[in-house]
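Biologist: Please take one close look at the ligand site for me. Then work outward from there.

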Amino acid sequence: MVRDGRVVEGQHVASQNAIHAPYGGVVPELASRDHLVQVLPAVERALAAAGRALADLDAVAVTCAPGLLGSLLVGIQAAKGIAWAAGLPLLGVNHLEGHLCASFLEPAAAPELPFLGLIVSGGHTSLYEVRAVGAYRHLGSTRDDAAGEALDKAAKLLGLGYPGGAVIDRLARGGDARAHAFPRALLGAGEADFSFSGLKTSLADQVRRRGVPEGQALADVCASYLEAVVDVLWEKTRRAARAAGLARVVLAGGVAASQRLRARMQELAGEGLVPFLPPPALCTDNAAMIGAAAAVRFARGERSGWDLDARAVAPLPEVA
Ligand code: KG4
Ligand code: ZN
């Protein structure tokens, strides 16, 4: 439950990590089935946390794209049912737009528009010039694995479970980031895209040759691997901000919860840029960020029709 597009009055995150962990990745059928079980209790919990009833709401917002169709459909049908029953308007929100709008939520200071947005999640790694909510200029994306995917695959190779981004981030704190020279791809001038598959292959080769490291050696591998990801994100973000003439830089998506990435992004201040980092709990997938995006669109008078549908692939809308 989000008020004024800025205040999180009540939120509940029903994590599915335990369900997918034995498989080392998301199993789509299990995801939609569990979503069906969790969705209405999660809404009830968020309302209870806010001390509100449906009658207090102005609108119901829901993620409609991009993502796994089964899970998106469950959410959309639930949102339609609630909105219809309560006589409220419905608003479909793009998941990536939601991540970017997490930066508008308290307690952090909200960035003014325009800004450079770096979205780093399990499925996406992209840089956008954000002119307004709904008006984006795509600057670059990963050509293969997303940053979070690279961390999750590394965690799997190292036997650290799923999803492993947070585990690698934690173990890296006790390691030496200069212990191993993992590759940093596509750092040539004018190159705005990312590539992380070579990094993963490099680790896979190392594990094949030397086995899975333990103790301090494991921490060193985690620190070195994470540093390779963070170095590329930092450098490309810095360059993109310069090239687009943008001073404000917004970090978004699950990987933005990484302590190491956050520390490095703070250093953008030394480059004359102003970094905005939503609190970690608002970086990983959550409903409040969808509410934040919906609030902007709702204030403009936008509404979705009852024919709102799910889309597996949905790039952010581009301006010329
Ligand atoms: O945005 P998100 O919650 O879900 C997607 O939309 O994909 O991002 C999930 C990704 C996963 O790859 C996960 O390993 C990574 O974010 N992640 C982290 C941390 N917490 C989640 N990566 C590094 N450090 C963390 N603390
Ligand atoms: Zn996400």
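Modeller: I start with the ligand site and then follow the chain away from it.

First, the ground rules. This is a predicted model: local features need pLDDT of at least 70, side-chain atom pairs count only at pLDDT 80 or more, totals for chains, interfaces and linings use all residues, and side-chain values use heavy atoms, with hydrogens and water left out. Residues are numbered from 1 along each chain as its sequence is written, while chains are lettered from A and ligands numbered from 1 in the order in which they are written.

Now the metal. The zinc ion is ligand 2, and its protein donors are His-95 (NE2), His-99 (NE2) and Asp-285 (OD). They lie 2.0 to 2.2 Å from the ion. Donors here are N, O and S atoms within 2.8 Å of the metal (3.2 Å for Na, K and Ca); water is not among the atoms, so sites may look incomplete. Along the chain, the donor spacing reads H-x3-H-x185-D. His-99 sits in helix H4 (residues 95-101), and Asp-285 in the loop between helix H10 (280-283) and helix H11 (288-299), so this pair ties together parts 186 residues apart in sequence. Helices (H or I, at least four residues) and strands (E, at least two) are DSSP runs, numbered from the N terminus.

How buried or exposed are His-99 and Asp-285? His-99 is buried, at 1% relative accessibility. Asp-285 is partly exposed, at 49%. Buried means under 20% relative accessible area, exposed over 50%, and partly exposed in between (1.4 Å probe, protein chains only).

Ligand 1 comes next. There are 18 residues around ligand 1, and His-99, Gly-122, Asp-152, Gly-254 and Asp-285 come nearest. Near means that a heavy atom of the residue lies within 4 Å. Asp-152 places a polar side-chain atom 2.6 Å from an oxygen atom of ligand 1. A polar side-chain atom of His-95 is 3.1 Å from an oxygen atom of ligand 1. Asp-285 offers a polar backbone atom, 2.9 Å from a ligand 1 oxygen. So His-95 and Asp-285 are zinc donors, and each also has a polar atom by ligand 1.

Follow the loop from Asp-285 into H11. Ala-293 is found in that helix and is buried, at 0% relative accessibility. From Ala-293 to Arg-143 it is 27 Å, C-alpha to C-alpha, with their positions 150 residues apart in sequence.

Arg-143 leads to charge pairing. Side chains of opposite charge can pair when their charged atoms come close. A salt bridge is a side-chain nitrogen of Lys or Arg within 4 Å of a carboxyl oxygen of Asp or Glu. The count comes to 26 salt bridges. In one of them Arg-143 pairs with Glu-191, the closest N and O atoms being 3.0 Å apart. This pair links distant parts of the chain, 48 residues apart. Glu-191 is in the loop between helix H6 (165-172) and helix H7 (197-210). Arg-143 is in the loop between strand E7 (135-141) and helix H5 (147-157). Glu-191 is partly exposed, at 25%. There is also a salt-bridge network, which links Arg-184, Glu-227, Asp-231, Arg-260, Arg-264 and Glu-267.

Helix H8 covers residues 215-244. H8 has 30 residues and reaches 43 Å from its first C-alpha to its last, close to the expected 44 Å. The expected span is 1.5 Å times one less than the number of residues. In H8, 22 of the 30 residues are buried, so the helix is largely enclosed by the rest of the structure. Just after H8, Gly-245 takes a positive phi of about 65°.

Back towards H4 for the backbone. Most residues other than glycine have a negative phi, and most peptide bonds are trans. Glu-106 and Pro-107 are joined by a cis peptide bond, with omega about 10°. Leu-113 and Pro-114 are joined by another cis bond, with omega about -5°. Pro-107 lies in the loop between H4 and strand E5 (115-120), and Pro-114 is found in the loop between H4 and E5.

Last, the cysteines. How many disulfides are there? The structure holds 0; a disulfide is a pair of cysteine sulfur atoms within 2.5 Å. The sulfur of Cys-64 is 13 Å from the closest cysteine sulfur, in Cys-101, which is too far for a bond. Cys-283 is in no disulfide either, with the Cys-101 sulfur 13 Å away. Cys-64 is buried, at 8%, and Cys-283 is buried, at 1%.

How values were computed. A polar contact is a pair of N or O atoms within 3.5 Å; within protein, one must be able to donate a hydrogen and the other to accept it, and residues adjacent in sequence count only if both atoms are side-chain atoms.
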